[in-house]
Structures are given as C-alpha cells and as structure tokens.
Amino acid sequence: MELNHFSHVDHPLMLVNQVQKEEGEEDVVCHGCQKPISSSAYGCNHCNYFLHKKCAELPKEITHDKHPQHPLTLLSHPPDLSSRYDCDVCGIEDWKWFIYHCSKCEFDVHISCVLEDRVVEHEGHPHPLTVVHKKALFNCDASFTEDKDLSYFCNTCEFWIHKSCALSPSTIQHNSHIHPLVLNYSLPYIHRSFPFNCDICKERVHPNFWVYDCDPCRYFVHVKCATSKTMMRGANTETTAEDDEIEPSVIKFPIVDESVNLLDELLKEANLGDTNRATILTHFSHDHPLILFNNKDEMKNDEIIICKGCLIAIISTPFYGCDQCSFFLHGSCAEVPQELRHPCHQEDHQFNLKMSFTSQDKFPCYSCYRFHNGFRYKCDSCDFTICVFCALLPVKIRHETHDHPLRIQRVEKVTVCNGCRFSIRGGLIYRCHTCDYYVDIHCLKLPHKIKHAWDRHLLTLRYPPYSDHPDEFYCEICEEEIHPKYWLYHCHHCDQPFHIECLFPIFEYLTRDINAGDTIEVGIHPHKLSTVFHRAENRPSFKCKRCDRIIPNAEGLLKCEPCRWQLCLFCAWSNS
C-alpha cells in the first residue's frame, strides 16, 4: 500500500508490517512522534524516513478541548524552526516534530497529547487512570520519588503516578546486568524475607513500590534508576586502561585454602620475603637464639604450636623455634620489617615493629578492628597501632567476585561490605571506585576452600548471584535462611550451605586473642575495662553504654566493675 504524505513530498511512503534493521542498530524512530516503531508503519527506505501507521493517518485538522476557539492544523514541524516551541498542553519543551497548530493564537499541541487516551487501563492498578496534562510536583505512588511530571490519577482511590513511570516498559535490557529485567508492581513475596537495596543506587527497595528485577539473580533496581540515563553508578560501563590491565604481580583473592600462609604472600608482594633464611636467628622479640626448622619431619604430628608474632597455629615449615622455651615464629613473621610506612597513613609518619610481651598487653588494630596480642606496628607520632597483616596489605588487589581491581582506602563514612553486608564504620577497606564495590578485611581473609567440623567435605566459598540455585539457602547450623545477596560457604556434595558468621562467629573473630580478665583501655572511659565472657543462660542482661544495645549472652563484653559500666566489643573497636 502506498501513501503520498504531506510531510515527505519527494517519495511516496510504503506500508510495511515490520521495519527491518541490522543487528546491533538502534530502534527505528517515528519522524512524527519520536517514539520507536515496533509494528506496522509507512516508510521510505531510500530516505530512511518512517512514520507509525497511526501517525501517518492523523487527520489534517482537529478541534481540541484545551483550545475550543479555533481548529488546529497538523504540521510536520513548527512553523519557524529557529524559534522554540513548547506543547501548550503537557509542557514538553523545544518540540521540533509533528504538531497541531493554531496560527491565530500561536497555540501548539504535540501529537502524543492528541494520540493518547484520556482514560486508560493499567495492569499496575485495578481502577481506570485519567491522564493529567499539567505538570505537578508530587510523590509518585509507583516509584516513591518526588518529581515534577505529567501524571495519571485514579479518581477512585487517589492513586497518583508520574507519566514516565506509567509508560515504563514491561521488560528492559539494562547494561548493569546481563539478563533482562522485568517490571513488577511490588517486590515479589518470595523475596520479602530480607530487605534489599537497589543494585544501581544502593538505596533501599521498598516492597510496596514498583521495581525491575531479575528473579534468578535476585537483582533489583528502582524504576527511576532503571530508566534514567544519569543513574548508571554500578553499571560497570566505564573502566580505565589501568583497570583493564591485569598485572601478574597483583595478589589475587581469595586464597586457595587454609594451608596458604597469607603473610608469606604479602611479603613476596612487597619484595620483603627472604628465601635464604638464617639457620640461627637473633630476634628482638625473644632473649634466646631461634633455630630454623625447615623439614616437616621435625614437627610432631600431635603438637600444636602457636606463632608468637601473629597468634596463628604453625602447620607447615619453615618456622623458627627456641630450644629452651616454647617460643615459635612463622618464617614470614620473623622476616617482617622493623620499620615501614603505610599508604593509608600520614606520609611523614613511620611505623615501628613492637610486640605485646604479656597476655595482658592487648592492642586494637585500627585497620581490621580486632584485638591482638603479638607483633604490631605503632606510629609513635600519633599513637596509631596496626597489626602485621594489615600493615603489609598491598595498595591494589584482585578479587574473583569483581571484574575490576580493588584499592585500599580508609573508611571515611559508614560503608557496607559486599561480602558480609556488615556496616563498616572505620579502619581499612578495599574499594572499586568504578562500581563502589567494597570488601572488608575480614571477608578478604576468607579462604576459597575450608575444612569444618560441620561437614566431612571441603566447603567452598560462594558469591551471589546464585542463579544456578533458585531455591532459598538455609544455614545448616542456625537453620535460618541465608540472605541471597551474602557470601556463603557451601558443600556441593551434600548441598549444605552455611552462614560465614556461623562458621566464624564475629565475636570469636574479634576476641580470638583475648582472654577472660584481660584489660583494655578505651578513650571514652577513665578506667581500664576487663574482658568478660559469660556463657551461662542466667547471666543478667547488660546494655552497652555507647550504643544502648543489649549485649547477647554469647558475645562477651568489656566491663568496669567499680563504675558498673560496660561496653560491647563493636563499640570498643572505634574507641580503643
């Protein structure tokens, strides 16, 4: 079928059922209304000029209820393209395509206002919605955002939504995710066990408002974030040349398993490790000479020996030991430098290696916020302490959970770790500046494979999305559902998942080097506080004087008996 149209006088327009386009090309757009063409249209292939069938068949003249005085004439563009034309009905600005125009009154209506129905049925609402052709500033009942926009209004229940939300497509392909995103008019009930954040803007997804989601990946995006061209944080679309360059020397996490001595790897990365170790070593941390043990046969199978530098069991050679007393050091701990500077500390300040010589001499690491007994680095200029492991962390790492390098930085504001979803209030953290992806020091240390008493097989560290496991995960230890956005350990043979915090309870991580009765100084109390571990069911409830939180029975606390004053371990981190 052929049509001679006033807007394209050079050639007739041919009716086609589907506009053809090459793979990878953008959608063909109607020259009348500027919307994509997805069905039948009139077009001229020679000029690449196309019109929706309904746009091509518009009447040449109409009357409009917003301007009943005179008829309006259809024009292919505003009368004077050098002037600015705004729609007098909806307010759309600087329109340059099909309009209905009154030459006497200079009244203009762009054709979308003519074509759309005044009352529509929308699957996102049970009642008819009336289009409001006047911009208003209001909180949208679909997106829960305030914006000035045209709107649809329900006269039955006062449901009021932005026009941009009402016209949101049912499915989109967003460059922040590999799968299509489907529009839901509320958060699906199967995902309401946990709170979720938008995977683009990181803000809370409200369960009663519209959301785009990929169900197998548990990927959720606000309607406005999915359709806005400016909300692309986290879309992983822009990387620097340095990000794309994979350096072979950069340490890759997670470590393979618990047999890997991470301190060894850090020393190698810093070019500090010594392959030619002395057989007899005089070390500042001990009064007697230390002998090098370089053969596994020299270790007794039933002997558990603890390194006095890092307080971790020695399970492989080489290591140093004293033949006069029970003093041992990993080979790597014996090699840590006496002095160093840290990239996240003041450039002109120097850290000196020191040791806690007694069980009472505990110190807090201001990087991982764990209390230690053993080697530490201290800045004498500002009384800042840091454990050996954190002092040797490299500036840049790779982690298999993320495509880009992660760089170490100090936590300046409350930050959520993408692994455990704990809120990190201080210390050091690794961050991808392209995507705002964070991994805290605790999650960084998690091995890829571990052995644990809860399962006879090796457990593997897994990360979301769990698209190959559509059912919910329930932890075998606590029997609670595991948040589908959290890392977890999993036995593939038994299909048994575990919370990381159930395998490695956070209070045990914080207090692994602390004994009951140890005393610690904190900046918000004048006296030293004693460590208390009460496991009894009848222990009275204590409230933390800092955060007002009731301290759980199993967690432990710091207490000043004379003042009847107590502090939870989490608050002790940031005040020690």
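**Sheet arrangement and pockets**

An open sheet of five strands, with mixed pairing, follows the order E19-E30-E31-E34-E35; strands are DSSP runs (E, at least two residues), numbered from the N terminus, as are helices (H or I, at least four). The edge strands, E19 and E35 (437-440), each pair on one side only, pairing being defined by at least two DSSP bridges between two strands. The model is predicted: local features need pLDDT of at least 70, side-chain atom pairs count only at pLDDT 80 or more, and totals for chains, interfaces and linings use all residues. Residues are numbered from 1 along each chain as its sequence is written, and side-chain values use heavy atoms, with hydrogens and water left out.

Within the sheet, E31 (residues 406-410) and E34 (residues 428-432) run antiparallel and are joined by four bridges. Arg407 stands opposite Arg431 in E34.

The largest pocket (an open set of points on a 1 Å grid over the protein atoms alone, where a 1.4 Å probe fits, with protein on both sides within 12 Å along at least five of seven lines) has a volume of about 1,600 Å³, taken as the space filled by probe spheres set on the points. Its lining comprises 38 residues, of which Lys35, Pro36, Ser164, Leu167 and Pro169 lie nearest the centre; lining residues have an atom within 4 Å of a point. Strand E11 provides the largest share, five residues.

The second largest pocket holds about 1,300 Å³ of space. Of its 42 lining residues, Asp199, Lys202, Asn418, Arg421 and Tyr437 are the closest to its centre. Elements giving two or more residues to this lining are E15 (196-197), E32 (415-416) and the strand E35.
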